[in-house]
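Hello,

Here is the structure I promised to pass on to you. Have a look at it first, and my notes follow below.

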Amino acid sequence: MSIPADLKYTPSHEWVRVEADGTLTVGITHHAQDLLGDMVFIENPAKGRVLNKGEECAVVESVKAASDVYAPVAGEVVAANGEVEASPESVNKDAYAAWMFKMKPANPADVGELLDAAAYQKLVESEAH
Amino acid sequence: MLKHTPLNATHRELGAKMVDFGGWDMPVNYGSQIEEHHTVRSGCGLFDVSHMLPLDIRGANVRAFLRRLVANNVDKLQVSGKALYSCMLNEAGGVIDDLIIYFMDETWFRLVVNAGTAEKDLAWMEKMNADWGMGLTLTPRRDLAMIAIQGPNATQALNEALPGVDQITASLKPFNAAAMGEMFIARTGYTGEDGFEVMVLAKSAPFFWKALMEAGGKPIGLGARDTLRLEAGMNLYGQDMDETTSPLESGLAWTVDLKTERDFVGRAALEKSEVTKQLAGLVLLDRGVLRSHQKVLTKNGEGEITSGTFSPTMQQSIALARIPLGIAPGEEVEVEIRDKKLKAKVVKYPFVRNGKVLI
């Protein structure tokens, strides 16, 4: 499914899963990897890095171009996925399994500002012309 | 309104992702550009290159015309079907285009020029034709489609698709062509693999493409075309050289023939010029991707990446870069990527040929 209903989304095409312990798992959406093409390079933020909402924190690079990934909310990076850095093409294979990093939100309520699946779907549809 | 090749409907039927390529509606990939790249190095890939322009030059003085028009020497072409890669220069020694010239007979040479420069090239050649009083007929062959068949299995696929053609392919040497009616088979390519570039009448193209697919050829888009040619160390006009650059600073000195007294457009400027830069191959040692226009820092000053990519065959980023002279293969330089200075090694290119990594 290209826009899972149980995830949250950002206008810059990141997906966010709220884990049971309140941490957030972040990746880029199926739509984003489709636009970018074959991935060749991923650079995740370092563990411990403190991010503001919307801050550039990671880079995904496809054969075509490099693209920035933005922090969905303010918080601290608690883990980065080395597997996806070693095999960037896994993002093309399954964008929702290929998580990039995990973060602890500075304010758990901030998650409420993210888009739900329906709102993200509308966004994607409006971008297609 | 974008221009269409005779295979436009075929690409769309195959689910190609289409893009605007210099005013042409072209397939950039049919799914995965990286898979397409690997297919060419290990099997057989098919490329629609009909956007490029075959140009027939006919008349009594074609050889004399071309001796003066281009930087390489067409007198190297004495056997019918033999081909020559050359730059066409302006009076300042800058590159108007790079092209391939096929000698068919003393009254007929065929040129193949780039899509984006075709109109410019034709206007330039017509002007020289008139200025020099050559009386030649220049015929752009937009009635032809061109399909490149590339990879270790290219010969097998072509032979299977066109029963009987093995009589030609069995003895066709690299950089030679054979004409059979309006079909023109050249053993040339832009990938560093064995293969052919075949011209057929436009209306035959969809049928021929499907026959090649049935013989095992896989459709390949422009995305893979670029990673393949860069691995093979082949220049791309508009990126690695243009009207403001000399062939001598573009890795193309080997295509400029100054060995005889032959006068050609741009020769005087080249002989007066001082060469201060070279086109070098780079391999990125740190993780990342080299791209056009990134700044290169060397012990002798700054340079610039002209073409960069992530090499699927080598699983590393590679590039061609215009850098100062005096930096030799094996030496390290730095490349500025997103405010970081990453380490790269200068290498002699090509990087890959016939499926093998050379560096």
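Let me begin with how the two chains meet, bearing in mind that this is a predicted model. The contact involves 10 residues from chain B and seven residues from chain A. On the side of chain B that touches chain A, α2 (33–42), α8 (222–231) and β16 (301–311) of chain B each contribute at least two residues. By character, that side of chain B consists of three nonpolar, six polar and one charged residue.

Chain B itself comes in two parts. Domain 1 covers 1–247 + 260–273, and domain 2 covers 274–357; these bounds come from an automatic or database domain assignment. The C-alpha centres of the two domains of chain B are 27 Å apart. Where they meet, 18 residues of domain 1 of chain B are in contact with 20 residues of domain 2 of chain B. You will recognise two names here: α2 and α8 of chain B are the elements that give two or more residues to the domain 1 side of this contact. The largest share of that side, five residues, comes from α2(B). The domain 1 side as a whole divides into five nonpolar, eight polar and five charged residues.

Next, the sheet. Chain B has an open sheet of six strands in the order β10-β11-β12-β9-β3-β13, with mixed pairing. Its edges are β10 (177–180) and β13 (218–219) of chain B; each has a single partner strand, so one side of each is left without a neighbour in the sheet.

If you would like to walk across part of the sheet, start at β10(B). Four bridges join β10(B) to β11(B), and the two run antiparallel; B:A178 has B:I185 in β11(B) as its bridge partner. From there, strand β11 (residues 183–186) of chain B is joined to β12(B) by three bridges, again antiparallel, and B:F184 stands opposite B:M199 in β12(B). On to the next neighbour: β9(B) and β12(B) are joined by seven bridges and run antiparallel, with B:Q150 opposite B:G195 in β12(B). β12(B) is also mostly covered, as six of its seven residues are buried.

A helix worth opening in your viewer is α5 (residues 154–161) of chain B. Which of its residues are buried? They are B:A154, B:T155, B:A157, B:L158 and B:A161. These residues cover an arc of only 165° around the axis, which puts them on the same side of α5(B). A reminder that helps here: an α-helix has 3.6 residues a turn, so residues three or four places apart point the same way. What covers the buried residues of α5(B) includes β9 (144–150), α6 (166–169), β12 (195–201) and α7 (205–214) of chain B, so two strands of the sheet we just crossed, β9 and β12 of chain B, turn up again here.

Finally, the nonpolar cores. The largest has 70 residues, and B:I101, B:I147 and B:I149 are those with the most contacts inside it. Leaving aside residues up to four places away in sequence, B:I147 touches B:L46, B:F47, B:D48, B:V198, B:A205, B:F208 and B:W209. There is also a second, separate core of 51 residues, which includes A:L51, B:A280, B:V296 and B:V335.

Happy browsing, and do write back with any questions.

Best wishes

Technical notes. Residues numbered from 1 in each chain as written. Chains lettered and ligands numbered in written order. Predicted model: local features only at pLDDT ≥ 70, side-chain atom pairs only at ≥ 80, totals over all residues. Core = buried A, V, L, I, M, F, W, Y, C linked by C-beta atoms within 7 Å. Buried ≥ 20, exposed ≤ 12 C-beta atoms within 10 Å, placed from the backbone. Nonpolar A, V, L, I, M, F, W, Y, C, P; charged D, E, K, R; others polar. Arc of directions from axis to C-beta. Pairing = 2+ DSSP bridges.
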